[in-house]
Amino acid sequence: MKGIVVKSFGKYYTVEYESGRINCVLRGKLRKDKRLEKYSEAVVVGDEVEFEPDTDGDGGAISLVSDRRNVFTRKYKDSDRDDLIAANLDRIVVIQCFGKPRLNLRFVDRLMVRGCKEEIPVTLCVNKLDLAGEEDASMLDDYYRGYDADILLVSAKTGEGLAAFREMLAGKLSILIGSSGVGKTSILNGLYPGLALRTTDVSESTGKGRHTTTNVEMFSMADGARIIDTPGLREFGLMDIEPEELGIYFMEFGAYSRKCGFSPCTHEHEPDCEVKRRVEKGTLSGERYISYLNILSTLKDYYENRYR
């Protein structure tokens, strides 16, 4: 039988199929599938799978994972495997907010790099528009100067922007990523009131939210939207990307990097670098360039020291 994984919790996976839902474990032979060896998890939410129900009908076992259109992963320096989070996505939505916790665009940049590498469109959704000043939206435009970033401003409190957000999600499989406290759950409740998901406030002492999502789970909506909700993420490793290729995934660098005096050019120390010239002229954002250099430094350190 065939279905799609809609929830993972421990060693169990909920599979949705034509007759309903069933909780499954993995067949032992699946763990030996060479396609899956590089990942931390053999099966994730979004996977299309084949499964065999138990004779008593209370559960089942996943025996095959179909080929994936794409994967959403992160990788850290202390791990040999990619941390697989979801699969077969149409869109990555990164939730940030005005107010508290404050905007973390360098975290967003890491997710944009991942989306670009996997050819998954990325949307930056900024919540708490009701708290934004006039300079806040212009700051976003300035930060992504030269890059046609897909940015959506919303307020879960007032409902502003939610209709456009709902229209964007309709008929697609999207994953929502955001640190706790940005209002991800409140946005989902505003988009789809029937969900009635639990929310918590931002901590007064830390300025950060408390986690309310504990498992990766997919929700299916009447308009065909399928939303994967994830626990709050505060870090996102990119250690599977070589330093020399990072610039490819900062899309605004593209046209200028072809004019650099060296190829490949990391746009860091090389002379006659067109990207650096454009940053100095103000054509490209200096702040986003610093974000690029921070990621580059992390990658270079990893690749220079990984065998020591």
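## Two crossing helices

Helices α3 and α4 sit roughly perpendicular to each other. This is a predicted model, and in it α3 covers residues 162–169 while α4 covers residues 184–191. Their axes run 10 Å apart and meet at an angle of about 85 degrees. Since 65 to 115 degrees is the range that counts as roughly perpendicular, that angle earns the label.

Which residues make the contact? From α3 come L162, F165, R166 and L169. On the α4 side, the partners are I187, G190 and L191. Sorted by class, the contact has five nonpolar residues, plus one polar and one charged. Glycine goes with the polar class and arginine with the charged one, so G190 and R166 of this contact fill those two places.

## A cluster of rings

Now for the aromatics. The structure holds ten aromatic pairs. One of them is F253 with Y292, an edge-to-face pair with 5.1 Å from centre to centre and 75 degrees between the planes. What does this pair tie together? F253 belongs to the loop between β13 (226–229) and α5 (254–257), while Y292 is in helix α7 (residues 286–305), so the pair joins parts that lie 39 residues apart in sequence.

Are these two rings' residues buried or exposed? F253 is buried, at 2% relative accessible area, and Y292 is buried too, at 0%.

Y292 also pairs with Y289. Here the ring centres are 6.2 Å apart and the planes make an angle of 20 degrees, so this pair is stacked. Y289 and Y292 are three residues apart in helix α7, which puts about one helical turn between them. Y289 counts as buried as well, with 11% relative accessibility. Step back a little and ring pairs link F250, F253, Y289 and Y292 into a cluster.

## A lysine over a ring

There's a charge sitting over a ring, too: K7 lies over the face of F9. The distance from the ring centre is 5.5 Å.

## Two cis peptide bonds

Where are the cis prolines found? Start with P101, in the loop between β8 (91–97) and α1 (105–118). The peptide bond leading into P101 from K100 is cis, with omega near -10 degrees.

The other case is P264, found in the loop between α5 and α6 (274–281). The bond from S263 to P264 is cis, and omega there is near 0 degrees.

## Positive phi without glycine

E119 isn't a glycine, yet it has a positive phi of about 60 degrees. E119 lies in the loop between α1 and β9 (122–127). Is E119 buried or exposed? With 72% relative accessibility, E119 counts as exposed.

H267 is another non-glycine with a positive phi, again about 60 degrees. H267 lies in the loop between α5 and α6, which is also where P264 is found. Unlike exposed E119, H267 is buried, with a relative accessible area of 3%.

Methods. Residues are numbered from 1 along each chain as its sequence is written. This is a predicted model: local features need pLDDT of at least 70, side-chain atom pairs count only at pLDDT 80 or more; totals for chains, interfaces and linings use all residues. Side-chain values use heavy atoms; hydrogens and water are left out. Rings of Phe, Tyr and Trp (its six-membered ring) pair if their centres lie within 6.5 Å; planes under 30 degrees apart count as stacked, over 60 as edge-to-face and the rest as tilted. Helices (H or I, at least four residues) and strands (E, at least two) are DSSP runs, numbered from the N terminus. Buried means under 20% relative accessible area, exposed over 50%, partly exposed in between (1.4 Å probe, protein chains only). A charge sits over a ring if NZ of Lys or CZ of Arg is within 6 Å of the ring centre and within 35 degrees of the ring normal. Axes are lines fitted to C-alpha atoms, for helices over the stretch in contact, and angles run from 0 to 180 degrees between N-to-C directions. Angles under 35 degrees count as roughly parallel, over 145 as roughly antiparallel, 65 to 115 as roughly perpendicular and the rest as oblique. Contact means heavy atoms within 4.5 Å.
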